[in-house]
Amino acid sequence: NSGLRKSFMLNTFCSKRNVGSSAWKALPERVKIVEVGPRDGLQNEKTVVPTEVKIHLIDMLSEAGLPVIEATSFVSPKWVPQMADQVEVMKGIRRRPGVAYPVLTPNLKGFQEAVKAGAAEVAIFGAASELFSKKNINCSVEESLQRFEEVTKAAKEAGVPVRGYVSCVLGCPYEGKVSPDKVAQVAKRLYSMGCYEISLGDTTGVGTPGGMTEMLEVVSREVPVTALAVHCHDTYGQALANILIALQMGVSVVDSSVAGLGGCPYAQGASGNVATEDVVYMLHGLGIQTGVDLTKVMDAGAFICRSLNRKTSSKVAQASCKL
Amino acid sequence: MGNVPATVKHCLSYEQLVQDFPWLAHWLQEEKEMVPTGVKIRLIDMLSETGLPVIEATSFVSSKWVPQMADHTEVLQGIQKHSHVRYPVLTPNMHGFKDAVAAGATEVAVFGSASETFSLKNINCSIDESMLRFQEIICSAKQQQIPVRGYVSCALGCPYEGHLEPTKVAEVVKRLYELGCYEVSLGDTIGVGTPGSMAKMLHTVMKEVPHSALAVHCHDTHGQALANILTALQMGICVVDSSVAGLGGCPYAHGASGNVSTEDVLYMLHGIGVRTGVDLSKVILAGDFICEALNRKTNSKVAQARGECW
């Protein structure tokens, strides 16, 4: 199965069109899924979810075999009321051995509170677009990177790993096109300051396999592909195709959100995060190991959708009352 | 061509035209409400203005079986036929074929299956029996210089038999091609396929039939359609079937989606620099029209997002 997978990838580019072989690698044997539903997903849902529901969701996701579950965010509750119960959530979840529970920390203060609340991994959130940075976190990209340096320095001293995010990697709701060089620049800074992994976010889901390939080619010259992840939004239905291309280019870490939680804040009624169920379905269909039990993820998705009184955005979940 | 990355350029030359083929007849067939003839005609006319090169207009099946298609003659005679667009119609048997020709059809399509059980349940005969029927049609069509397109359903899985061996799919595809179909469309009828199974199936089928005579018809029931289409394109397929607004649910899974939406396919193709000749904004308008007429929400994510992000 893996032999066929490898040869199919190579054959694709040793085609009759007589173009040279490109640097396509075989698909990864294993992909790490970073579950962002409890944080990124819930943050973008209008309904404020009770603390015990969040805790139960995270516990169900832990049981599903997900290796990384973004649990909460240490931003000021004034800005993100959904995450006001950050400390209770951190203390309430049942941590499964071998599972990481990173939390978002926008600045040093957030980092210190996170560590106090028991966080063992944190994440920082930069942008490849100046306008987006200003509108989203009220400062320029450079200013944000300086803030993050404070966090990574403190995290290093405390022995806490840091994951970096770069948003707007394939387009910005304010600036439109974003240059891959700018994305690479920001990714490189985050990597150099100590982030072990950089998640590249197609924040408005406008990317297609064309833009994804180009962006990854440029970024992977600055940051090793083994340290890259993709965070695709499905606003234009392109997420799985974009993820597939990223896998073909050697990326083996994929962010997703159970039930596709978290709409697009920039387009009324549009979808946002790609659904974990749909990603897992594709990966397993490709023979790629994830360690994830799809049925249990669907159970977690059904649970949170009931609590939010909303329909799932996962097509696999929708189809599951089937054949 | 803007930001077409080198690696994708290697697999898709600029000269390749990908035909989009809204499977209008198919999804309308699955809509529960009867759609007025005037609405069908208007939809096809709007689609003709978008640049789509092939639009499947209707189906000459018995109206007893598919009441939704009872107005097949009126539709075919009512649409404004553009010179650069083809309007194939489904013809399950000789009777349907003769009616289609009498009504002015200049291209027809026949519908086979890679699964015996699906063939029996869907068209009431075995694969072998269906091939005999198709042979009759194709012979007659050849004499009248009417091109015939073949479809093979269940190419990536059957609602009754489950997994189907790619060799079985290849066998049926080869038969249709050798009988005289100029193109064979491979349908993932229940949308269970993934890039893995798509690649395996195409790899096997392409040993028997040239890639230039193949098309993919992906359903989005499990959200895999665009990834599957991308895989097919990477393997040399350059004809893609899709359905405006992604309408037409999956009859085998209540509430699940079916056809992949033309708008989302176009968005991807244009994003990777493939030329289609189709105006996406006009397709969105056609989708808006039919959704309003059916009082349904679009299944196209592009139509839902519709540039409100910017």
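In the predicted model, buried residues account for 61% of the 323 residues of chain A. The accessible surface of this chain amounts to about 12200 Å², and carbon and sulfur atoms contribute 52% of that area. Chain A contains 13 helices and 9 strands. When contacts in chain A are restricted to residues at least 6 apart in sequence, 75% of them link residues at least 24 apart.

Three helix pairs of chain A were examined for packing geometry. Two packed helices are described by the angle between their axes and the distance between the axes. Helix H8 of chain A covers residues 180–192, and helix H9 of chain A covers residues 209–219. Their axes lie 8 Å apart, and the helices pack at an angle of about 45°. H8(A) is therefore oblique to H9(A), since an angle that is neither under 35 degrees, nor over 145, nor from 65 to 115 counts as oblique. The crossing of H8(A) and H9(A) is right-handed. On the side of H8(A), the contact consists of A:Pro180, A:Asp181, A:Val183, A:Ala184 and A:Ala187. H9(A) contributes A:Glu214, A:Met215, A:Val218 and A:Val219. By class, these residues comprise 7 nonpolar and 2 charged, with no polar residue.

H9(A) also packs against H10(A), where the axes come within 9 Å and cross at roughly 35°. This crossing, too, is right-handed. The residues of H9(A) that make the contact are A:Pro209, A:Met212, A:Thr213 and A:Leu216. Their partners in H10(A) are A:Ala241, A:Asn242, A:Ile245 and A:Ala246. The contact of H9(A) with H10(A) holds 6 nonpolar and 2 polar residues, and no charged ones.

The third pair is formed by helix H10, residues 239–248 of chain A, and helix H11, residues 276–285 of chain A. Their axes come within 11 Å and cross at roughly 45°, which means that H10(A) is oblique to H11(A). The crossing of H10(A) and H11(A) is right-handed. H10(A) takes part in the contact through A:Leu240, A:Ile243, A:Leu244 and A:Leu247, and H11(A) through A:Asp278, A:Val279, A:Met282 and A:Leu283. This contact has 7 nonpolar residues and 1 charged residue, with no polar residue. An α-helix has 3.6 residues a turn, so residues three or four places apart point the same way.

In chain B, helix H9 spans residues 195–205 and is mostly covered, with 8 of its 11 residues buried. The buried residues of H9(B) are B:Pro195, B:Gly196, B:Met198, B:Ala199, B:Met201, B:Leu202, B:Thr204 and B:Val205.

Several single positions in chain A were also considered. A:Val186 is located in helix H8. With a relative accessible area of 2%, A:Val186 is buried, because buried residues are those under 20%. Apart from neighbours within four places in sequence, A:Val186 is in contact with A:Ala127, A:Ala128, A:Val141, A:Leu145 and A:Val166. The C-alpha atoms of A:Val186 and A:Glu142 are 9.0 Å apart, while the two residues are separated by 44 residues in sequence.

A:Gly263 belongs to the loop between strand E9 (253–256) and H11 of chain A. Its relative accessibility is 24%, and A:Gly263 is therefore classed as partly exposed. A:Gly263 and A:Ile245 are 18 residues apart in sequence, and the distance between them is 23 Å from C-alpha to C-alpha. A:Ile245 is also among the residues through which H10(A) contacts H9(A).

Positive phi values occur at two loop positions that are not glycine. A:Cys168 has a phi of about 65° and is placed in the loop between strand E6 (162–167) and H8 of chain A. A:Cys168 is buried, at 0% relative accessibility. A:Asn309 has a positive phi near 55° and is found in the loop between helix H12 (294–308) and helix H13 (315–319) of chain A. The relative accessibility of A:Asn309 is 71%, so this residue counts as exposed.

How values were computed. Residues are numbered from 1 along each chain as its sequence is written. Chains are lettered from A and ligands numbered from 1 in the order in which they are written. This is a predicted model: local features need pLDDT of at least 70, side-chain atom pairs count only at pLDDT 80 or more; totals for chains, interfaces and linings use all residues. Side-chain values use heavy atoms; hydrogens and water are left out. Helices (H or I, at least four residues) and strands (E, at least two) are DSSP runs, numbered from the N terminus. Buried means under 20% relative accessible area, exposed over 50%, partly exposed in between (1.4 Å probe, protein chains only). Contact means heavy atoms within 4.5 Å. Accessible areas come from the Shrake-Rupley method with a 1.4 Å probe; for residues, only the protein chains shown count as cover. Axes are lines fitted to C-alpha atoms, for helices over the stretch in contact, and angles run from 0 to 180 degrees between N-to-C directions. A crossing is left-handed if the near helix is turned anticlockwise from the far one by less than a right angle, and right-handed if clockwise. Ala, Val, Leu, Ile, Met, Phe, Trp, Tyr, Cys and Pro count as nonpolar, Asp, Glu, Lys and Arg as charged, and the others, Gly among them, as polar.
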